[in-house]
Amino acid sequence: MNEDNKITDKKVIETEITMGTVHSAAIEPYRVRLFVEDEIVRDAEITIGINHRGIERIMEGLPVEKANSLTEKICGICSNSHIWNSVLVAEKAIGIDVPERAQYIRVIMEELERLHSHMLYLAHGSEVLGHETFAMRVFYIRETVMELLRMIGGNRVQYGVSIIGGIRPRCELDEMRIQKIREGMDIIDEKILEFADRFVSDPMIMARVTGVGILSQKQAIELAATGPTLRSTGVELDLRREMEAYDPFEFDIITQDDGDVKSNLLCRVLEIPEATKIIRQALDHLPDGKITNRSWEMQDAPITKSYIEVPRGKLYHSYSLEDGRVRNSIVRTPSITNIGAMQYAAVGHHITDAQLAIVQCDPCFTCTDRAIQIIKI
Amino acid sequence: MSLKSYSRARAIHVMLVYTGGCNGCDIEIVNCIFSPKYDAEQYKVFLTWNPREADILVVTGPVTKHNEKPLIEIYNAIPEPKAVIAAGACALMGGVYKNIHGDIPSEEIAGPVDKIIPVDAKVPGCAVRPEDILSGVVAALPLLLNAK
């Protein structure tokens, strides 16, 4: 339906509404141009690049340990995903075996991060809907996860857990910590079900989100949307099925059918119990042994790639090693394709739903701004 | 007592500006005001996105080149008296994005914040903790309340 509405010649439409770069409706700076006809959005254009800090350039030539901890500063929401993937590249390039206990603890951290990222999405979504009470409720549940993250990593946001060959000694899980994580998971499971019940049974919210911002399955595949944005259109694709670290765990891939804001919200709500399920399995079968493998030697390596599934989709890191230093570093975050897809999701809907349609993919502009456009003069 | 100072003694409005950090500080600040655990709203501190309503400007991030001009415009739009809080390591000294070069000038970063607009209170941390934000806001209060 959306393809017919999309116009190619922007000059035909005279009314243009521009938001940004700094706008009160958007927390992060980005620029949206909406081409409007009779209050219906006919075309949308999202411009990124305002936050560009050139972090790949800074990584160039740094020692690999330092570069790994720098990748954590790409994003404050999915910081663990970045450092994990960056460390995986080095481990793959040099050929380091990671102890099984360290793998399990990395998975536990990643799933805790998925919990807090999805809850942040629900809170932000509720705020954009205009329902601040729901946002406060979700922030209250999220605080449980933040306390667990602080207990394990020592910091609420940037908790560098992974190092090359294993995890930091501080992040070792003992009996007391395991007990606390179990208690936290019980609280989250109970509270999130209660929240989901309230959310789904609220007729006003359901009327606001159903059928808004539809992205068809064909479009989502063509535009290479990833993560829950793709799964909410009915495609069963999750990179965790193919990752070595997730082999021992049983979990379901959540899919929804409609591709609208409701499907996106429900997909993430239902992924929260799956994440707690994985954490419980990891705690039950946590293997004994050491947490870091220190018997490895630095060596040169060609460009090595690594893909992992993070809360927002597929994350890509690659670099080559030269004298223990990082060269040719490339980072590709999931938001870049998801934001591109959202230009199509906003089309054909009312102008008041445009902001909601854009934030439905959980956009993270600070992750995204690393592409450099080379202009020919 | 003017009408404005009367109303201000009962409600402080904080505006958050994001200038290219990693999002960690921003979420902690929103968390500090919205989350029922910290709940700055009980002390009559409110979050606003409109510079003309704001009393305190909280700036996070190292101020990228593209964000320099909007930041100055936002600062000028806030009515006097006003206070500026720089929150987080990036806003204080450019963080990893600037200082990792040493003294070599960065092509992407225009900051830190106090190079661009005057800063009244500084809150350290990577990322800032919600408790520290509250104490930073409290440190800036005399500037607002004692102003004529």
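A residue counts as buried here if 20 or more other C-beta atoms lie within 10 Å of its own. Keep that in mind as you click around, and remember that this is a predicted model.

**Stop 1: chain A as a whole**

Select chain A and switch to cartoon. By the cut-off above, buried residues make up 50% of its 377 residues. The cartoon should show 14 helices and eight strands. With a radius of gyration of 21 Å, close to the 21 Å the globule rule gives for 377 residues, chain A is as compact as a globular protein of that length. If you draw a box along the principal axes, the C-alpha atoms fill roughly 65 × 60 × 35 Å. Among the chain A contacts with a separation of 6 or more, 70% join residues 24 or more positions apart.

**Stop 2: H6 and H7 of chain A**

Next, select residues 132-153 (H6) and 175-200 (H7) of chain A. The two helices pack at an angle of about 165 degrees, and their axes are 10 Å apart. That angle makes H6(A) roughly antiparallel to H7(A). The crossing is left-handed. Turn on side chains to see who makes the contact: H6(A) contributes residues including A:Phe134, A:Ile141, A:Leu148 and A:Ile152, while H7(A) brings, among them, A:Ile181, A:Gly184, A:Ile188 and A:Phe195. Colour by class and you get 13 nonpolar, two polar and four charged residues in this contact.

**Stop 3: H5 and H11 of chain A**

Now try residues 100-129 (H5) and 261-284 (H11) of chain A. Their axes come within 9 Å and cross at roughly 155 degrees. Angles over 145 count as roughly antiparallel, so that label applies to H5(A) and H11(A). This crossing is left-handed. On the H5(A) side, look for residues including A:Tyr104, A:Leu112, A:His118 and A:Gly125; on the H11(A) side, A:Leu265, A:Arg268, A:Ala275 and A:Ile279 are among those in contact. The class split is 14 nonpolar, two polar and four charged.

**Stop 4: where chain B meets chain A**

Show both chains and select the residues that touch across them. You should find 29 residues of chain B in contact with 29 residues of chain A. Which helices of chain B each supply at least two residues of the side that touches chain A? They are H2 (24-34), H3 (68-77) and H5 (95-99). H2(B) gives the most, with six residues. Chain B's side divides into 14 nonpolar, nine polar and six charged residues.

**Stop 5: H2 of chain B**

Stay with H2(B) and ask how many of its residues are buried. Eleven of the eleven are, so H2(B) is largely enclosed by the rest of the structure. The buried set includes charged names as well as greasy-looking ones to pick out: B:Asp26, B:Glu28, B:Ile29, B:Val30 and B:Phe34 are among them.

**Stop 6: B:Thr64**

Centre on B:Thr64, in the loop between strand E3 (56-60) and H3 of chain B. Is B:Thr64 buried or exposed? It has 25 other C-beta atoms within 10 Å, so it is buried. Its contacts come from both chains: A:Ile50, A:Asn51, A:His52 and A:Arg53 on one side, and B:Thr19, B:Gly20, B:Glu108, B:Ile109 and B:Ala110 on the other, leaving out residues up to four places away in sequence. Add a distance label from B:Thr64 to B:Thr19: the pair are 45 residues apart in sequence and 6.4 Å apart in space, C-alpha to C-alpha.

**Stop 7: backbone oddities**

Most residues other than glycine have a negative phi, and most peptide bonds are trans. Here are some exceptions to look up.

- Select B:Glu80 and B:Pro81: the peptide bond between them is cis, with omega near -15 degrees. B:Pro81 is in the loop between H3 and strand E4 (83-87) of chain B.
- Select B:Cys126 and B:Ala127: this bond is cis as well, with omega near -5 degrees. B:Ala127 is in the loop between strand E5 (121-123) and helix H6 (130-145) of chain B.
- Go to A:Asp38, which has a positive phi of about 50 degrees. A:Asp38 is in the loop between strands E2 (31-37) and E3 (40-47) of chain A, and its 8 C-beta neighbours inside 10 Å make it exposed.
- Finish at A:Asp323, with a positive phi of about 55 degrees. A:Asp323 lies in the loop between strands E7 (313-322) and E8 (325-332) of chain A, and is exposed, with 10 other C-beta atoms within 10 Å.

Methods:
Residues numbered from 1 in each chain as written. Chains lettered and ligands numbered in written order. Predicted model: local features only at pLDDT ≥ 70, side-chain atom pairs only at ≥ 80, totals over all residues. Axes fitted to C-alpha atoms, helices over the stretch in contact; angles between N-to-C directions. Helix = DSSP H or I, 4+ residues; strand = E, 2+ residues; numbered from the N terminus. Parallel < 35°, antiparallel > 145°, perpendicular 65-115°, else oblique. Left-handed = near helix turned anticlockwise from the far one by under 90°. Contact = placed C-beta atoms within 7 Å. Rg over C-alpha atoms; globule rule 2.2 N^0.38 Å. Buried ≥ 20, exposed ≤ 12 C-beta atoms within 10 Å, placed from the backbone.
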